[in-house]
Number of protein chains: 2
Amino acid sequence: MATPAQLKRNSVAQAVGEIAGLLGERLSQSQAVRDQHGDDLTWNPGAAPDAVAFVDTTEEVQAIVQICSKYEVPVIPYGTGTSLEGHISAPSGGVSIDVSRMNDILEVNVEDLDCRVEPGVTRKQLNSYLRDTGLFFPIDPGADASIGGMTATRASGTNAVRYGTMRENVLNLTAVMPNGEIVRTARRAKKSAAGYDLTRLLVGSEGTLGVITEIGLKLYGIPVSIAAGICPFPSLEAACNAVIMTIQLGIPVARIELLDEEQVKATNNYAGLGLPETPMLFLEFHGTEAGTQEQSEMFGEIAAEYGGGPFDWATKEEDRNRLWQARHDAFWAVKAAMPGKEAFATDVCVPISRLAECVSETKKDLDEQGLYAPIVGHVGDGNFHASLFCDRSDPDEVKKVKDVYERLILRAIAMDGTCTGEHGVGTGKMKFLEAEHGAGLHVMRSIKRAIDPKNIMNPGKIVQL
Amino acid sequence: MATPAQLKRNSVAQAVGEIAGLLGERLSQSQAVRDQHGDDLTWNPGAAPDAVAFVDTTEEVQAIVQICSKYEVPVIPYGTGTSLEGHISAPSGGVSIDVSRMNDILEVNVEDLDCRVEPGVTRKQLNSYLRDTGLFFPIDPGADASIGGMTATRASGTNAVRYGTMRENVLNLTAVMPNGEIVRTARRAKKSAAGYDLTRLLVGSEGTLGVITEIGLKLYGIPVSIAAGICPFPSLEAACNAVIMTIQLGIPVARIELLDEEQVKATNNYAGLGLPETPMLFLEFHGTEAGTQEQSEMFGEIAAEYGGGPFDWATKEEDRNRLWQARHDAFWAVKAAMPGKEAFATDVCVPISRLAECVSETKKDLDEQGLYAPIVGHVGDGNFHASLFCDRSDPDEVKKVKDVYERLILRAIAMDGTCTGEHGVGTGKMKFLEAEHGAGLHVMRSIKRAIDPKNIMNPGKIVQL
């Protein structure tokens, strides 16, 4: 008689065989392809799927999900592989569904400021395509991620403070559910009160409730004027207080990013910016000419009140681009500062009033442990990142880093914040959900069980059944 | 042996008895109180609950839900009773949970621009309370509804075009779930990627998944300058095109409301405004002095391009109030125009590019049927209301009105719109959810069954099990 393990292998083999019959060469079982699809290169353990399916249509995804459901084989959706919390790993094996070939922009409705795209479209691809329409899609998590992946992980980034996250910017989506049904979660109307919000349920569900195959997005007019600038502050507290005042006065800042002293040093060395090595805010304003000028001046006055400044701002595109390139390269700059060590990025988000305290306590903890971890933050939202550097061959340092990391997460939760503002749960943050959600986790489990009773959709992520 | 009906009556009596033991005089079985809590005075049939519980705390709600779960007796949450789609009726009897005594504002975090309130707090109460802080809560559905009810029905209203709906403005909430567990859906951080979005699942769930007992809300700084104005247009199409252009140019209009010719006539008669009797936009701009002036001027130019104008705008509070009072009285104005008839309000929402077409076809249909139904719209969102007048003693007219109503809803859905932009589903719009959501309705049913397996939470609303 076959053992359970043999039965499982048999059913995977049968499922893969049936899918190969559908996709031909678009079903890969090569070790290199499998490895690449199961590991996100973070400290979260990777695990290769049994096969990778390069899909072209919603109907193909449906057929694959039906086959995987029949044999109870896991399905793991894959976009660009740029997620950071182990979302793409296949700890129980199964079939990785790679949507990168589904990269058509299906419609752009200029009058309605919306579009519909396939999940493999990347944000840069979308914005290149949109340029002639005068519209843009603002969400910018740094990496050139796929819209499908950004939707599944509820991505945000530098200008969420003005434009919101994927939560606010996905108008509707189409998903193949675990039972093989194709569901479109909402219509194209800007708002609706017609039943449960299935769009928001799937945004951030990380592939555990269904495979997203089309996304309707909100778009925005490219601002007539964009002003950007940088402003040094004497302390982290001063910078955070200036941020609070800016938000409170309703200045519609498009980006407001904090770099701590360590990050500024690293960025100076990497990009040769020659900035004063003190906490620094990078800002951007969108509006009319008069509007961005007024916003910039108002911010300058606020900064001065908190001992910051001078606030240098520029409306020329090349100056702005140099600035934001330096901000986007923050991670590479700190990596260059610590050659030979690995960097583990994490993020938390707290109420903005607790931000200075949370960042300061974290820096104190890092200093006490003798660890290096520059901090960069989307501070208008109370969201910040630490890049924890670690020599993985040194077990003492690994322990220190893991302890500091855990204290950081629990500190954020204790401040009524969240264990992740934008990176998601994946496998990496699952252990913190009980502390964050309490009985809410039971509700999440009920939903997962009801929608995916066989637990085939990206199993082992978000909630353990 | 007892019949099922007798058993049911017995279990209701036992549940009510146990609740009376907890609440004493705060549990009412008076016919008048029961009738008032089961009927929303719309054309949706009312049905009185068996008893009304006037609760004081989350723990009392929990105890009541536990009792009702034990005896499988329905629970119907009640705020101010101002909902419009039969949400509060008790078609299977049960206990109405009246939260009006839970009206404390629990905390206001000025630095974080948020607050936490009990569900019985009304929006006007909250804004009075906030006045000294320089903050306000923008969502304004017209009626002085409770925040709990507004959350449960995903309310919006005149300034959703700028500030969003309850979907965007509820930060987190506490709910008693059908199994008696108390769940807080999220922390106070502005964004999070930590698991399924339980906040958005409960916003708009209309009491069918849990009883909301606390709500965390986003707040905004009161704008330094508010400008408001009115602008006549030669046609509905011209007015709608001006709206589209305004939104597309990114003018951050705070309110942009359409009144059709019939509505302007009725409003003139009711409020003596002396407006030209042609389609009219009512607008409001929020910002700095310079900002609102610039926005007003830009809108004036757009209006002129489409043959509209002159655009009269005012920044004085008394002038603005007179204007918005007239807008808010729109329903009373049309009621006064048709004495002796009942008015049935409904709403739909379509992509803004289809708005003019949807409104025009609806008006044509009304004219062909000889019916009177002025139209008012939150047109920046593509959302509009028709007040259908009907002599209920005339079966021919009732049929005509119902047919026009049904064609209106299906027309909106066919335009990729929704059967309700803001009034909700209740009992009134359930029959349209299949056309709107297709297989999505199966997902909604799965969720309802998983979270409320005994179907005690506001049964017979949104989804039929």
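Ser11(B) touches Tyr71(B) and Val73(B), leaving aside residues up to four places away in sequence. The model in which these contacts appear is a predicted one. Ser11(B) has its place in helix H1 of chain B, which covers residues 4-23. With a relative accessibility of 15%, Ser11(B) counts as buried, because the limit for that class is under 20%. Its side chain reaches the backbone oxygen of Lys8(B) at 2.9 Å.

Asn10(B) also lies in helix H1 of chain B. Asn10(B) has a relative accessible area of 43% and is therefore partly exposed. Between the C-alpha atoms of Asn10(B) and Tyr71(B) the separation is 9.2 Å, although their positions lie 61 residues apart along the chain. Tyr71(B) is also one of the residues that Ser11(B) touches.

The description now turns to helix H15 of chain B. This helix comprises 20 residues, 395-414. At 1.5 Å a residue it should span 28 Å, and its end C-alpha atoms are 28 Å apart, so the expected and modelled values agree. The buried residues of H15(B) are Glu397(B), Val401(B), Val404(B), Tyr405(B), Leu408(B), Ile409(B), Arg411(B), Ala412(B) and Ile413(B). Their cover includes two strands of chain B, E16 (342-349) and E18 (383-390), together with two helices of chain B, H14 (355-369) and H16 (433-437).

Both ends of H15(B) have a local feature to note. At the N-terminal end, Asp394(B) acts as a cap, with a side-chain oxygen 3.0 Å from the backbone nitrogen of Asp396(B). Just after the helix, Asp416(B) takes a positive phi of about 65°.

Asp416(B) leads from chain B to chain A. It forms a salt bridge with Arg187(A), in which the closest N and O atoms are 3.5 Å apart. The pair crosses between chains: Asp416(B) is in the loop between H15 and H16 of chain B, whereas Arg187(A) is in the loop between strand E9 (182-184) and helix H8 (198-202) of chain A. Both Asp416(B) and Arg187(A) are buried. These two residues also belong to a network of salt bridges that links them with Asp112(A), Asp114(A), Arg184(A) and Arg188(A). With the chains exchanged, the side chains of Asp416(A) and Arg187(B) meet in a salt bridge as well, at 3.6 Å from N to O.

These pairs belong to a wider interface. Across the interface of chain A and chain B, the rule finds 12 salt bridges. It also finds 42 residue pairs in polar contact there, with both residues at pLDDT 80 or more. On the side of chain A that touches chain B, the largest share, nine residues, comes from helix H17 (residues 440-451) of chain A. The residues of that side divide into 36 nonpolar, 28 polar and 21 charged.

The extent of the interface can be described by contact and by area. In terms of contact, 85 residues of chain A meet 85 residues of chain B. The size of an interface is often given as the accessible area lost when the parts come together. Chain A and chain B bury about 6,800 Å² between them, and 55% of this is on carbon and sulfur atoms. Arg187(A), Lys191(A) and Tyr196(A) supply 15% of the area that chain A buries against chain B, more than any other three residues. Arg187(A) thus appears both in this group and in the salt bridge with Asp416(B).

Over all chains, the structure holds 62 salt bridges. Two within chain B involve helix H14, one of the elements that cover the buried residues of H15(B). The side chains of Asp260(B) and Lys363(B) meet at 2.6 Å, N to O. This pair links distant parts of the chain, 103 residues apart: Asp260(B) is in the loop between strand E13 (253-259) and helix H10 (261-271) of chain B, and Lys363(B) is in helix H14 of chain B. Asp260(B) and Lys363(B) are buried.

The other pair, Glu368(B) and Lys364(B), forms its salt bridge at 3.8 Å, N to O. Both residues lie in helix H14 of chain B, four residues apart, which is about one turn of the helix. Glu368(B) counts as exposed because its relative accessibility is 55%, and Lys364(B) counts as exposed at 54%. Helix H14 of chain B therefore carries the buried Lys363(B) alongside the exposed Lys364(B).

Definitions and conventions:
Residues are numbered from 1 along each chain as its sequence is written. Chains are lettered from A and ligands numbered from 1 in the order in which they are written. This is a predicted model: local features need pLDDT of at least 70, side-chain atom pairs count only at pLDDT 80 or more; totals for chains, interfaces and linings use all residues. Side-chain values use heavy atoms; hydrogens and water are left out. Contact means heavy atoms within 4.5 Å. Buried area is the accessible area (1.4 Å probe) that two parts lose on being put together, summed over both. A salt bridge is a side-chain nitrogen of Lys or Arg within 4 Å of a carboxyl oxygen of Asp or Glu. A polar contact is a pair of N or O atoms within 3.5 Å; within protein, one must be able to donate a hydrogen and the other to accept it, and residues adjacent in sequence count only if both atoms are side-chain atoms. Ala, Val, Leu, Ile, Met, Phe, Trp, Tyr, Cys and Pro count as nonpolar, Asp, Glu, Lys and Arg as charged, and the others, Gly among them, as polar. The expected span of a helix is 1.5 Å times one less than its number of residues. Buried means under 20% relative accessible area, exposed over 50%, partly exposed in between (1.4 Å probe, protein chains only).
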